[in-house]
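Let's take a walk through this one together. Have the view open and turn it as you read.

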Amino acid sequence: MGTMNKYALILAAGKGTRMKTKLPKCAFPILKKPMIEYIVESVEESDIDETCVVVGHKREVIEDLLKGRVSFAYQAHQLGTGHAALSAKDALGDREGTTLILLGDMPLIDEAIIDNILTTHEKMGNDLTVVTTNYTDPTGYGRIIRDKYGKIESIVEDKETTEEQRAIQEVNTGIYAINNQYLFQILDKIEKSAYKNEYYLTDIVHLMRQDYSVGTYTIRDSQYVMGVNDLYAISIAEKVLRDKINKGLMLSGVSMINPETITVGHNVRIEGNVTVYPNTTITGESTIAEGSLIGPNTEIHNGVIHRNVQVKHSYVYDSVVHEHTTIGPFAHLRNNANIGRDNRIGNFVEVKKSTTGKNTKASHLAYIGDTTTGANVNFGCGSITVNYDGKEKHQTHIGDDVFIGCNTNLVAPIRVEDNVFIAAGSTVTENIPSGSLAIARNKQINKADYARNLIKPKGKTVEDSKDTEKK
Ligand code: UD1
Ligand code: MG
């Protein structure tokens with residue numbers, strides 16, 4: 001690529017009034033990831049050398065998301081996009097090279113689009129390249145006004161168009177490549193728009209067209225440069241991104257059943273020969289290895305799923321599942337559950353902050369929290385690690401080859417050594433040494449012939465049985 005330095009200037013200081021949300025617009029998530037992060041990621045993967053983000057409204061939220069990755073400029077009052085760009089004068093003013101201006105509300109832009117714009121800008125030898133696109137419904141966007149030779153003349157904001165201009169389908173994407181030496185001189189000349197009392201960045205077009213070379217670059221795939229201004233647009237962006245991600249996955253060998261109902265986040269990696277069933281959402285830094293079957297009705301966020309795993313009707317958050325293990329239906333793994341290979345975590349089983357060895361099973365109705373478990377452990381139906389005393393959490397340690405009878409409470413802190421058998425219904429409060437059978441429940445008492453005092457004989461009324469008693 002070219003030798004000139006390249007900068008990105010991302011405007012993200014606006015209030016996002018049309019969103020009607022508490023979060024600042026550029027921090028609003030799409031597929032559980034803040035919009036601005038998509039843009040910065042694409043910039044990082046492009047030929048851009050240095051990035052400056054203009055922050056203002058709730059700046060700390062945006063700064064928190066991006067710290068260490070970009071530099072920041074501050075726009076104290078939101079006086080428009082022109083004013084926002086000018087706020088970066090201290091940060092970028094003395095640089096030589098090309099600056100690519102991007103808006104913080106165009107999450108679908110990718111590195112290929114960015115690099116194409118920069119290459120075209122350089123090839124055409126422009127001082128300013130305005131990036132445009134065409135929409136059948138251009139409502140909300142600034143329209144591109146061209147002179148009779150087809151050369152760009154100005155940009156008119158949607159609300160300020162004449163009826164004739166409103167019909168123009170070519171719009172301003174809000175992306176500009178500009179010679180950085182001229183940028184800040186021109187920005188200084190922008191005057192407040194009478195209509196909105198704001199400084200419009202779009203004014204650089206008519207301010208430069210006389211004395212500089214100003215051209216346009218038109219994006220064909222208009223959906224990838226859409227601007228997100230409200231929650232409806234968020235849903236559109238999410239759909240576009242979902243379709244793009246799902247298509248890429250399917251073409252790489254991931255089978256998706258009813259893909260419209262499947263959502264996979266931007267940073268998720270799924271290997272080939274995986275099947276994803278309907279109503280499944282996989283987000284965050286999740287990975288799914290080959291041979292696994294995921295879903296239906298499953299949520300995985302920051303989950304690492306090894307090979308040949310099955311996860312059905314379940315939640316997996318911040319957890320790892322090793323190979324050949326089955327999860328669900330209706331299981332919940334969270335907060336660093338680390339499930340070993342060949343495990344079975346079945347119906348209504350919750351595992352939190354716990355590690356299990358290989359071939360361990362909790363098939364029904366169990367809670368395993370703050371626990372390390374060895375290999376070949378069987379949690380009977382209804383067994384519970386009692387990790388919380390109302391004040392603090394405590395650890396349970398279970399060795400290898402342990403059989404935990406149904407409805408057992410293991411009151412933590414507690415250690416159960418290897419080769420232990422715990423009788424059903426036990427409430428275990430003391431450590432169990434290796435090789436033991438532990439029974440921790442009241443001994444059974446059978447009272448001969450007593451039941452008839454409590455249960456009325458079949459076919460008789462209560463009065464009848466009272467009579468029997470009298471006799
Ligand atoms: C803008 C363009 C419009 C274009 C559209 C493309 C202007 C005047 N209009 O309109 O021509 O078709 O984008 O999506 O540029 N911002 C600041 N400080 C401010 C105001 C805005 O940093 O004072 C930031 C916002 O955070 C946002 C971006 O600039 O990320 C764009 O602002 P927005 O209000 O969304 O502009 P649009 O009305 O969409
Ligand atoms: Mg916008």
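Before we start, one working term: two residues are in contact when heavy atoms of theirs lie within 4.5 Å. Keep in mind, too, that what you're looking at is a predicted model. With that in hand, here's a first number: among the contacts in the protein chain with a separation of 6 or more, 42% are between residues 24 or more positions apart.

Now for the overall build. The protein chain has 10 helices and 37 strands. Its radius of gyration is 32 Å, well over the 23 Å that the globule rule gives for 471 residues, so the chain is more spread out than a compact globule. You can see that in the dimensions as well: along its principal axes, the C-alpha trace spans about 115 × 55 × 45 Å. Of the 471 residues, 48% count as buried. The accessible surface of the chain adds up to about 23300 Å², and carbon and sulfur atoms own 49% of that.

Next, find the metal. Which residues hold the magnesium ion (ligand 2)? Asp105 (OD) and Asn229 (OD1) coordinate the magnesium ion, at 2.1 to 2.2 Å. Asp105 sits in the loop between strand 6 (98-103) and helix 5 (111-124), while Asn229 sits in the loop between strand 11 (214-219) and helix 9 (231-251), so this pair ties together parts that are 124 residues apart in sequence. Asp105 and Asn229 are both buried.

Stay with Asp105 for a moment, as the magnesium ion isn't the end of its story. The side chain of Asp105 also meets that of Lys25 in a salt bridge, at 2.9 Å from N to O. Lys25 is in the loop between strand 1 (6-11) and strand 2 (29-30), and Asp105 is in the loop between strand 6 and helix 5, so here the pair ties together parts that are 80 residues apart in sequence. Lys25 is buried, just as Asp105 is.

Strand 6 comes just before that loop in the chain, and Ile101 is found in strand 6. Is Ile101 buried or exposed? Its relative accessibility is 0%, so Ile101 counts as buried. Leaving aside residues up to four places away in sequence, Ile101 touches Leu9, Leu11, Gly174, Ile175, Tyr176, Ile178, Leu183 and Leu201. For a feel of how far the model stretches, try Ile101 and Cys406: these two are 305 residues apart along the chain, and their C-alpha atoms are separated by 64 Å.

Helix 1 (residues 35-45) is worth a stop too. This helix is mostly covered, with 9 of its 11 residues buried. Among the buried ones are Met35, Ile36, Tyr38, Ile39 and Val40. Glu37 is also on the buried list, and Glu37 is linked with Glu44 and Arg69 in a network of salt bridges.

That brings us to salt bridges in general. How many does a search of the whole structure find? The count is 22 salt bridges. One of these is between the side chains of Asp370 and Lys352, with N and O 3.1 Å apart. Lys352 lies in strand 25 (residues 344-352) and Asp370 in the loop between strand 27 (361-369) and strand 28 (371-373), so the pair ties together parts that are 18 residues apart in sequence. Asp370 and Lys352 are both buried. Then there's Glu417 with Arg415, whose closest N and O atoms are 3.3 Å apart. Glu417 is partly exposed, with a relative accessible area of 28%, and Arg415 counts as partly exposed as well, at 38%.

Two more stops. Thr281 has its place in strand 16 (residues 280-283), and with a relative accessible area of 21% it is partly exposed. Not counting residues up to four places away in sequence, Thr281 touches Thr263, Thr298, Glu299 and Ile300. From Thr281 to Ala12, C-alpha to C-alpha, is 29 Å in space and 269 residues in sequence.

Finally, look at the surface. Phe403, Phe421, Leu437 and Ile439 form a nonpolar patch there, with about 400 Å² of accessible area together. Phe403 is found in strand 32 (residues 403-404), and a relative accessible area of 35% makes Phe403 partly exposed.

Conventions: Residues are numbered from 1 along each chain as its sequence is written. Chains are lettered from A and ligands numbered from 1 in the order in which they are written. This is a predicted model: local features need pLDDT of at least 70, side-chain atom pairs count only at pLDDT 80 or more; totals for chains, interfaces and linings use all residues. Side-chain values use heavy atoms; hydrogens and water are left out. Patches are made of residues with over 30% relative accessible area and no salt bridge: like charges are joined within 9 Å, nonpolar side chains (Val, Leu, Ile, Met, Phe, Trp, Tyr) within 5 Å. Accessible areas come from the Shrake-Rupley method with a 1.4 Å probe; for residues, only the protein chains shown count as cover. A salt bridge is a side-chain nitrogen of Lys or Arg within 4 Å of a carboxyl oxygen of Asp or Glu. Helices (H or I, at least four residues) and strands (E, at least two) are DSSP runs, numbered from the N terminus. Buried means under 20% relative accessible area, exposed over 50%, partly exposed in between (1.4 Å probe, protein chains only). Donors are N, O and S atoms within 2.8 Å of the metal (3.2 Å for Na, K and Ca); water is not among the atoms, so sites may look incomplete. The radius of gyration is taken over C-alpha atoms; the globule rule is 2.2 Å times the number of residues to the power 0.38.
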